[in-house]
Amino acid sequence: MAASSVQSATESGSEVSDNELVEEPSAADTSENVINPGDSGIEYGAGTSSNVESDSDSESGYSEDDASTTRTRIKVGRGRTKVVNVDMRPPDKLLRKAMDKAVRMKNRKKNSEALEEYIRAMALSRIVYGDGHWRVAESYLNLARAYLELRGLGEQARQHAETARNLLLKTDQNDPDKSSIQSCLIHTYCILGRALTKLKKYEEAENALFKADKLTRERNRSAVVDPSSTALIDLSIASALGRLASCQNKFDVALTCYEQVLDLSQRQYGDDSDNLIQAYIDVGIAEQQAALDKDSTSGSHDKAIESFLQAHSIASVNHPGCSLQTARTAETLAQGYVATGKGEDSERSAESYFREALDIFTQLCGENHPSTIKVLDQLAMLNIRLKNYPDAIELTKQALEAKKESSGEVSETVAESYKTLGTIYLTQGDMPEAHANLKKAFNMTAEIHGSNNKRTKEIQKTLNIVAQSPQLKERQRTEKSLENRPNFSAVFKKK
């Protein structure tokens, strides 16, 4: 179980979506026992060389009130028009405004609004610079990164990154902005490699990332570059190569890459920065993956736990009290203890950290939030392993009610909770309760996936076994005899 859980952790990238929590983005599709590298949404510095896009969250200096606007009437339907304000500022100022707003929206986790501004900036850059200019390629690069990191859309990111690459490769080698063009091309190959990794095109992803690494080395040898920008791109490439190696089940290579990321992060940010949290988590996951892989020559569960503890310690110190970062690292640490498979002591430690994460998620996000439900499910499964069935039943019922509130009465997650309850009752020998819950799971799964679905058939098979139990047959006979008895009469003969 632990091996499959660690393996599944590498299936998705570090992209985030609008449904993530506000403090830090996360991730969408995670493992049962360990979270996916990059799921905390912490970047290692994947910015471009653009002097248009800034990491500052300050206002752009251009506001709607100051803008030169004109009112015009446009058609909105058959026989209907409306008056709108049209911004009449020059395109170059509109481009700066769009980029500034995109960065602000991104920093505020308003991903849809940020993506709209990146699209607007790309269109404006074509007006300002012309289709063949390298600045247009840079806008395509920014848009590719936005699709990948804000929406998790690998195909759109790949297409825009390839457009940026093709434009950059056609630029004049004697262009006075040659250094900036080369830097932009390096970032383009890095984003392209990450997008291809998400699309599971691993050979193409490897070629793109190796080109980014080669260009970086050539640039460092041939020109005087800013050490800070060099460290940031080295971080991005090493992290992308580590994620690719994990997806290819090359866990020794992944561990080496993530150790390099950790070393570069420590030199860039110091020993107690939030930027080190994801680096320690990635190292820990790579250690566990390598330890569980029979073909690997490295990897240690003990070292993995040390890395997870270090990540949780940094989060706890930097975010005292209740914080989402602390909750996520506590959950990761608990998953790490479960994945070790070292028996009850590790599982008790895991239970403690799951409880910590559950308390924080419940307090900050509410009982029906997906993060809270996820921890409830994991805690229930852990109590099943510990044979603490009463607590497992209580936690599963709590998760069931939360799923009904968030997903509706009929959903795949609700069916899964009914199946879990049925399995627990079956383990306890309570056949009537097991049959009742498995029947609900069967009906719901059949309604969602159909009666010929593999999952439906598996539940049906278990139901047939439960139906043959003497306890259930005796109960059914009793109920049948009660149904066939004469109706009760309230009339008595007077003596």
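The questions and answers below go through the cores, helices and charged pairs of this structure.

Me: What kind of model is this, and what pLDDT do local features need?
Reply: Residues are numbered from 1 along each chain as its sequence is written, and side-chain values use heavy atoms, with hydrogens and water left out. This is a predicted model in which totals for chains, interfaces and linings use all residues, side-chain atom pairs count only at pLDDT 80 or more, and local features need pLDDT of at least 70.

Me: Which helix gives the most to the largest nonpolar core?
Reply: A nonpolar core is a set of buried Ala, Val, Leu, Ile, Met, Phe, Trp, Tyr and Cys residues joined through side-chain atoms within 4.5 Å, where buried means under 20% relative accessible area, exposed over 50% and partly exposed in between, with a 1.4 Å probe and protein chains only. The largest such core has 52 residues, and those with the most contacts inside it are Tyr118, Leu168 and Ile237. Helices, which are DSSP runs (H or I, at least four residues; strands are E, at least two) numbered from the N terminus, supply this core with at least two residues each in the case of H2 (91-107), H3 (111-129), H4 (134-151), H5 (154-169), H6 (178-198), H7 (202-222) and H8 (227-247). The helix that gives the most, with eleven residues, is H4.

Me: How many residues of H4 are buried?
Reply: At 1.5 Å a residue, counted as 1.5 Å times one less than the number of residues, the 18 residues of H4 should span 26 Å, and the 25 Å between its end C-alpha atoms agrees with this. H4 is followed by Gly152, whose phi is positive, near 70 degrees. The helix itself is mostly covered, and of its 18 residues the number buried is 17.

Me: How many residues are in the second, separate core?
Reply: In the largest core, Ile237 is among the residues with the most contacts, and leaving aside neighbours within four places in sequence, Ile237 is in contact (heavy atoms within 4.5 Å) with Ile186, Cys190, Leu209, Ala212, Asp213 and Thr216. The second, separate core includes Val261, Ala315, Ala334 and Leu379, and its number of residues is 45.

Me: Why does the salt bridge between Lys106 and Glu149 tie together separate parts of the sequence, and how many residues apart are they?
Reply: Side chains of opposite charge can pair when their charged atoms come close. A salt bridge is a side-chain nitrogen of Lys or Arg within 4 Å of a carboxyl oxygen of Asp or Glu, and the side chains of Lys106 and Glu149 meet in one at 3.6 Å, N to O. Because Lys106 lies in helix H2 and Glu149 in helix H4, the pair ties together parts whose separation in sequence, in residues, is 43.

Me: Is Glu149 buried or exposed, and what is the relative accessibility of Arg194?
Reply: Glu149 also forms a salt bridge with Arg194, the closest N and O atoms being 3.0 Å apart. Since Glu149 lies in helix H4 and Arg194 in helix H6, this pair ties together parts that are 45 residues apart in sequence. Glu149 counts as buried at 6% relative accessibility, and Arg194 also counts as buried, at 12%.

Me: Which helix holds the partner of Glu347, and how exposed is Arg385?
Reply: Glu347 forms a salt bridge with Arg385, with the closest N and O atoms 3.3 Å apart. Glu347 lies in helix H13 (residues 344-365) and its partner in helix H14 (residues 370-385), so the pair ties together parts that are 38 residues apart in sequence. Glu347 is buried, with a relative accessible area of 11%, whereas Arg385, in H14, counts as partly exposed at 34%.

Me: What covers the buried residues of H13?
Reply: The 22 residues of H13 should span 32 Å at 1.5 Å a residue, and its end C-alpha atoms are 30 Å apart, which agrees. Its buried residues include Ser346, Glu347, Tyr353, Phe354 and Phe361. What covers the buried residues of this helix includes H11 (301-318), H12 (324-340) and H14.

Me: How many disulfides does the structure hold?
Reply: Cys247 is buried, with a relative accessible area of 10%, while Cys365 is partly exposed, at 24%. Taking a disulfide as a pair of cysteine sulfur atoms within 2.5 Å, the number in the structure is zero.
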